Structure formats: structure tokens, C-alpha cells
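Here are some notes for a colleague who is opening this model for the first time. They are meant to be read with the structure in view.

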Amino acid sequence: MEEFHKVRRLPPYVFEQVNRLKASARAAGADIIDLGMGNPDLPTPKSIVDKLVDVVRDPRTHRYSSSRGIPGLRKAQANYYARRFGVKLNPDTQVVATLGSKEGFANMAQAITAPGDVILCPNPTYPIHAFGFIMSGGVIRAVPVEPNDAFMQALDRGVRHSIPKPLALILNYPSNPTAHVASLDFYKEVVAYARKHDIILLSDLAYSEIYFDGNPPPSILEVPGAMDIAVEFTSMSKTFSMPGWRMGFAVGNERLIAALARVKSYLDYGAFTPIQVAATAALNGDGSEIEEVRQIYKARRDVMVDSFGRAGWDIPPPPATMFAWAPIPEPFKALGSLEFSKLLVEKAHVAVAPGIGFGEHGDDYVRLALVENEHRIRQAARNIKKFLSSAAPVDNGNVVSLTARR
């Protein structure tokens, strides 16, 4: 039977090929070190769990909640933006709670996209940035991910040569998967250009608190005038180690927030109320949990960069996020990221995310997630060292000749 229209517009899910290989290897008894999926392994802080347990005992909290988020939660998010970025938000009109930033992006796409609308999107980038709009009937035009002059030049070309004129530009800094970080000066340039050309800005700031250089990433809403055209998405998944709780936010321009809230009102009743109350307590806390999480990821990053480098694979140290964006070692580059990722599972028992899954311009890279402890990361490096020293790749399509292990 013919696939449905929206399903047909989606490409094959390349991560699934690695996932199947990983599952097969584990079923055969292999110890796979999984650096592929960005699924935080750190436990949610006890104080947040305790608040959830306390609230869930009240049966009144078991009823439907509000898709916009309970008032206390929206106020807590507004206060966070005031403390962290110096940005003033009206919690009633400029803040909406989402079921994670991914859901927020997808429903914003549903809210603002008409068939054929052009969306400017980084490549490579987190898949929902593009496919949320593709599923909504939009057309994607790629721009580079690195926040520099080349980005602005590509943005200008995209605006001048797109028919119709682009509706929106997606930004994601710190970037998933590349870990690039944008400066406030870059945001000022983007905001000025977008205001001039009447382009909506959608900023994914999910990794605002996972940074390692002592220089906190800014919010685009810090730029004067950004509130007229921009919405920013944040998540509690990584900041507070709450991935399965599905708690995030969209904040910014009132008209765009109202459109998102209206779509959500037809689709969900919001997160479970005890989760929202626990999230409120987390946002109103002293931030000590955030600093602890940041230091753990920094230590893991340093171990990965050092141990992989000694294994023969140089990993550029990411300045932020829980990911490293690693160039495929030169002898294997001709394979492409998917085949190289499959090879790592088979021969080194290490799972990574193929860069092609984030866009065609990511095919020379793989993404490594800092979701294993330092001991496991060192073990992954030992496995990779053994693989690199025993493998003899041949530039002949996808054929790889492997000698006996030493």
C-alpha cells in the first residue's frame, strides 16, 4: 500500500539502522558502550523527586492539568529568565510550558506553517528543527550552522533567492550536534536582519546551562527588539537531568506564543500536575543541581578528549552541550558516517550517532554523547584504539578489509 503523504515526505530514520545493529550485538552477548543517543544517565536530583512524590499523594493533582502550564510554573520560568538573562517576560502571555522543547518546536511548526512556506534551517541540526516543518507542509532551505560571516551570507542568499520569502529562521546555540556557541553580537546581527526582512526567529536554547568555558551562552531575547519576532525554546531534560519527565518551555513574542498555545489546547492537557509542581521547585531552587551536572559533563568531556586522542582519534573539545562532534578518522572518511558508525558497533562495541542523521552536511562526522561514566568512556577509547590499530580500510565503496586483531 502507498505510504501516507506526510510519512512519505520523511526520509528513512538512519539512527534505526545503528540501533538494530546495537540490539543484535547485545542479544549476542556483546557489551556495547552506547555514546549514540543523547539520553542523560544522571539521576534527577533528590529534591525534585521528593517534591513530585509529595504532590502526587494529593488526589486533586491527578486531574487534567493546563496545556499552557500551571501559573506557578510559568512564573518560575519568567523569573529564571530575569535572573539568568536579564529578560523580562509576562508569564501569562509570553510563557508556555511544553512537553519538552521537541514537542514545542513541532507544535509551533503546526501553528505557523502554511503549505509551501520556506523555513531557513541549519544543516546539520537536530532533526525536529527541519522535520517538524516538513510534516507541516513547509520547505527547508539550509544555512550553515557555524555562527559567522558565512552564516550571514547564506542567510542573505536564502532570503533573496527564495520564493516565497522565508517565513522563519531556526537557530540552535549551543548547537546539537556540533556544539557551536553563538555570541550576543551574532544574535544582534541576526535580529537586525530578521526585523528588516520580517522573518520569525525560533531559537532552541535547550543546552543553555551545559557549558564549560565559564562563559554562559546568551539568550536571543537579550537583544533589544528580538521580542517582536522571536520565540525561544528551553528544556529541563539536560539542565536538571529530567529527560523522561518531558518538561520544557517556549517564551517570547506574544502573538507566536498565543498561536502555539492555541494549537496545544487542541492536542494535550499539559504535563502531569505533580511534574509541573516539581519543575517549579527546581526552577526556584538555588541552582546547585545545575552546577553539579555541568561539572560531571565537563569531567566526562575532558576524559573523552584525552583518552580518544591517545587512542588515535582526535576529538575537538566541545565548549558546551553534552555532545562531541567528531570528524571521522581520515582513513575511514570515504565510508560516510552511517557505515563508519555500524563498523564501530561491530568491531569496537561502541555506538555513536551518524552525522548524516542530522543533515547531509554532517556526513563527515559522528556525534558522541557524554552519557557514560568516565570508566566506560576510557573503555570505549581502549576498544577504539584496538580497532584503529587492527583495521585496514580500503577506499573501495563501502568495502572494508579488516586484519586479525592484535
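1. Rings of Phe, Tyr and Trp (its six-membered ring) are taken as a pair if their centres lie within 6.5 Å. On that basis, ring pairs join Phe 308, Trp 313, Phe 332, Phe 340 and Phe 387 into a cluster. The model is a predicted one, and a search of the whole structure gives 16 aromatic pairs.

2. Two of the pairs share Tyr 80. The ring centres of Tyr 80 and Tyr 81 are 5.7 Å apart with planes at 85 degrees, so this pair is edge-to-face. The rings of Tyr 80 and Phe 85 have centres 5.9 Å apart and planes at 85 degrees, so that pair is edge-to-face as well. The cut-off behind both statements is that planes over 60 degrees apart count as edge-to-face.

3. Are these three residues buried or exposed? Tyr 80 has a relative accessible area of 11% and is buried. Tyr 81 is buried too, at 0%, and Phe 85 counts as buried at 7%. Each value falls under the 20% limit for a buried residue, which is why the three are classed in this way.

4. Now the chain as a whole. Its secondary structure comes to 13 helices and 14 strands. The radius of gyration is 22 Å, close to the 22 Å that the globule rule gives for 406 residues, so the chain is as compact as a globular protein of that length. Along the principal axes, the C-alpha atoms fill a box of roughly 65 × 55 × 50 Å.

5. Of the 406 residues, 54% count as buried. The chain exposes about 18000 Å², and carbon and sulfur atoms supply 52% of that area. Among contacts between residues at least 6 apart in sequence, 75% join residues at least 24 apart.

6. In soluble globular proteins, nonpolar side chains tend to be buried together. The largest nonpolar core here has 54 residues, and those touching the most other members are Tyr 81, Leu 89, Phe 151, Leu 169, Leu 201, Leu 221 and Met 236. Elements that give two or more residues to this core include helix H3 (46-56), helix H4 (71-85), strand E5 (168-172) and helix H10 (273-283). A second, separate core of 40 residues includes Phe 323, Ile 328, Phe 340 and Ala 348.

7. Phe 340 therefore appears both in the ring cluster and in the second core. Phe 323, another member of the second core, has Arg 367 over its face, at 3.9 Å from the ring centre.

8. What does Leu 221 touch, leaving aside its neighbours within four places in sequence? Its contacts are Tyr 81, Val 87, Leu 89, Ala 226, Met 227, Ala 230, Glu 232, Val 251 and Gly 252.

9. Ile 119 lies in strand E3 (residues 118-122) and is buried, with a relative accessible area of 0%. Its C-alpha atom is 6.0 Å from that of Leu 169, 50 residues away along the chain. Beyond four places in sequence, the contacts of Ile 119 include Phe 133, Val 139, Leu 167 and Ile 170.

10. Glu 254 is found in helix H9 (residues 254-267) and counts as partly exposed at 41% relative accessibility. Outside its neighbours within four places in sequence, Glu 254 is in contact with Thr 93 and Gln 94. The C-alpha atoms of Glu 254 and Val 231, 23 residues apart along the chain, are separated by 8.9 Å.

Technical notes
Residues numbered from 1 in each chain as written. Predicted model: local features only at pLDDT ≥ 70, side-chain atom pairs only at ≥ 80, totals over all residues. Heavy atoms only, no water. Phe/Tyr/Trp six-rings, centres within 6.5 Å; stacked < 30°, edge-to-face > 60°. Buried < 20%, exposed > 50% of the residue type's maximum accessible area, 1.4 Å probe, protein only. Lys NZ or Arg CZ within 6 Å of the ring centre and 35° of its normal. Helix = DSSP H or I, 4+ residues; strand = E, 2+ residues; numbered from the N terminus. Rg over C-alpha atoms; globule rule 2.2 N^0.38 Å. Contact = heavy atoms within 4.5 Å. Areas by Shrake-Rupley, 256 points an atom, 1.4 Å probe, with all protein chains shown as cover. Core = buried A, V, L, I, M, F, W, Y, C linked by side-chain atoms within 4.5 Å.
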